[in-house]
Amino acid sequence: MTDSTLPSLQNCEKEPIHIIGKIQNIGFFLVLKQKGCKIIQASKNVDKFLNINYKDIIGKSISDIHIDGLPEVVSTLHLSQPHPNTLILPNQESFNLLIHSWEDNYIMEFEPQTMDSTDYDMQYFLGAAMSKIHNSANVQSLLYQTAEEIKKTTGYDRVMIYKFHSDWHGEVVSEAKEDDMESYHGLHYPASDIPAQARKLFKTNPVRFIHDVESEPTELYPSIPEGENKPTDLSLSSLRSSSPIHIQYLKNMGVGASLTISLLINDKLWGMIACHHKSPKFIDFKLRQTCQFMGQLFSSALQLHLMDKENEELEKSREIGSLLAGWTLREYSIIDGLTTHKHKLHELIDCSGAAIFAENKICRMGNAPAEEHIKDLVEWLNENQKEDILITDELSYRYPKALEYKELAAGLISARLSSGLGEYLLWFKPEALQTIYWGGNPDKAVNLEGNGSFASISPRQSFEKWAQVMENKSDPWTNANISAVVKLREDVLQVIIKKANEIRKLHD
Ligand code: BLA
């Protein structure tokens, strides 16, 4: 790679990591034409394992390579799904052979077998973990148990669960670690730390490892396989070498090796389990498969909890919404209906405060901005709210005066009841940064040297970058929040119309 093609911090998302042309040197790699089984590409380190030079191996047939067990594998190649085959190399070491197809070629990856397959009992590893993960009473305990069980199963020094938010920024939502490892629990980081092309790849290849951040990767030769016109696609490879930017990130964190497991919900990347080790570490393919299975178990348990939570939230909003609507009908004043009973307007949805501007009065609930601020805001809404409902998680972007009270109202939902009278129902959310929990001491690990270069990238710096982007913003409003507001507005409008009709009838 020349300097001009080296990825930079500015164009991360353009780095073509799936055709990086390098693998980790813990194993070796061959590409065969499916027809004729000729070797068309090899990793440059093959001589270390097979006593044959990488240039000499190109053009040979796979049956010319003498490895115990290989002929049996070759005879079943046409049937094969990627699954491990045990082989004994000329130096008597046991290796797993993983095979998958790329175009009309086979990609063969040879990696050390560190667990004897006869000893390996997936049920042993999964038994206890399965019931703990599956029987977790709530999301918090599910997150905690999963990080603990993955740590116990794999022996990595730190296991974190990252959650992606809707804007693809991430948050460490659970962590199990050795006492001497720094904590990242509660930290948020910007979407650019895991750029879009990497997230796409993590959907197709759910388990990745880096066995040693200090080891030099091995190039593939020739860079374009013989007879092909493009570099080998390593999307499904297990030995693929990682982006140098990400490797530097890990080095800056004092991490020597990693394992990452994708967490998918409804075919969408929900998050990842990220395992770190202080020193080099490699785990056997079978154990990685076990981790993948545990990841899937976590995802399905989480999905059930989330559905329960969403249903509960919807149910609660629906219940409170219909009570509020009923009370407005009973009371002479709309404001009384929404503020004087067992439940009040701000309990309709997850917010920090609410206010009503109606009947020439202002009524505030929970943590709402001061009366004079609401008066000004309503004047601004009269001029600027074009739709019946305005939803924003950055009010000050449109209405800079709101910066003065962003700790109360960085986010706003405004439902207009009447444009003529300028009547509104308002819900507020504070600036999200005010509610973020800092893991450990935030100043401890920030390395400001070499700011802007690879030398400085680390989760603490990422948090700072994220905090700058997030300044003045609230957490986003959910679809459940919005539909509850839409429904209540409709109900209250019906009450207003009904009351107006009754008054008219009395006068007729
Ligand atoms: C990959 N970045 C990743 C991965 C994680 C992080 C978990 C997946 C690693 C894997 O699959 O093996 C980020 N790791 C973190 C964060 C923490 C952590 C946030 O431990 C916090 C505790 N990364 C950057 C920047 C760029 C970048 C600035 O920080 C680009 C300029 C790129 N990250 C980047 C790329 C990958 C990545 C390209 C994919 C690596 C690969 O699979 O080749």
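In this predicted model, a nitrogen atom of the ligand sits 2.9 Å from a polar backbone atom of Asp 193. Ser 243 also uses its backbone here, with one of its polar backbone atoms 2.9 Å from a ligand oxygen. With Arg 208 it is the side chain that comes in: an N or O atom there lies 2.9 Å from an oxygen atom of the ligand. Step back a little and the ligand turns out to be surrounded by 27 residues. Arg 208 and Ser 243 are among the closest of these, along with Cys 12, Tyr 162 and Arg 240.

Next, the open space in the protein. The largest pocket holds about 2100 Å³, and 50 residues line it. Nearest its centre are Lys 163, His 165, Leu 306, Lys 309 and Thr 478. Sorted by class, the lining comes out as 22 nonpolar, 15 polar and 13 charged residues. Helix 8 chips in the most, with 8 residues. Other elements that supply at least two lining residues each include helix 5 (139-154), strand 7 (158-164) and strand 8 (170-177). Further along the chain, strand 13 (268-277), helix 13 (459-470) and helix 14 (479-507) do likewise.

Finally, the cysteines. A search of the whole structure turns up 0 disulfides. For Cys 363, the distance tells the story: its closest cysteine sulfur, in Cys 351, is 13 Å away, so the two are too far apart for a bond. Cys 37, for its part, is buried, with a relative accessible area of 14%.

Terms used:
Residues numbered from 1 in each chain as written. Predicted model: local features only at pLDDT ≥ 70, side-chain atom pairs only at ≥ 80, totals over all residues. Heavy atoms only, no water. 1 Å grid on protein atoms, 1.4 Å probe; cavity = no way out; pocket = protein on both sides within 12 Å on 5 of 7 lines; lining within 4 Å. Points joined across faces, edges and corners; volume = space filled by probe spheres on them. Helix = DSSP H or I, 4+ residues; strand = E, 2+ residues; numbered from the N terminus. Nonpolar A, V, L, I, M, F, W, Y, C, P; charged D, E, K, R; others polar. Disulfide = S-S within 2.5 Å. Buried < 20%, exposed > 50% of the residue type's maximum accessible area, 1.4 Å probe, protein only. Near = heavy atom within 4 Å. Polar contact = N/O pair within 3.5 Å; in protein donor to acceptor, adjacent residues only side chain to side chain.
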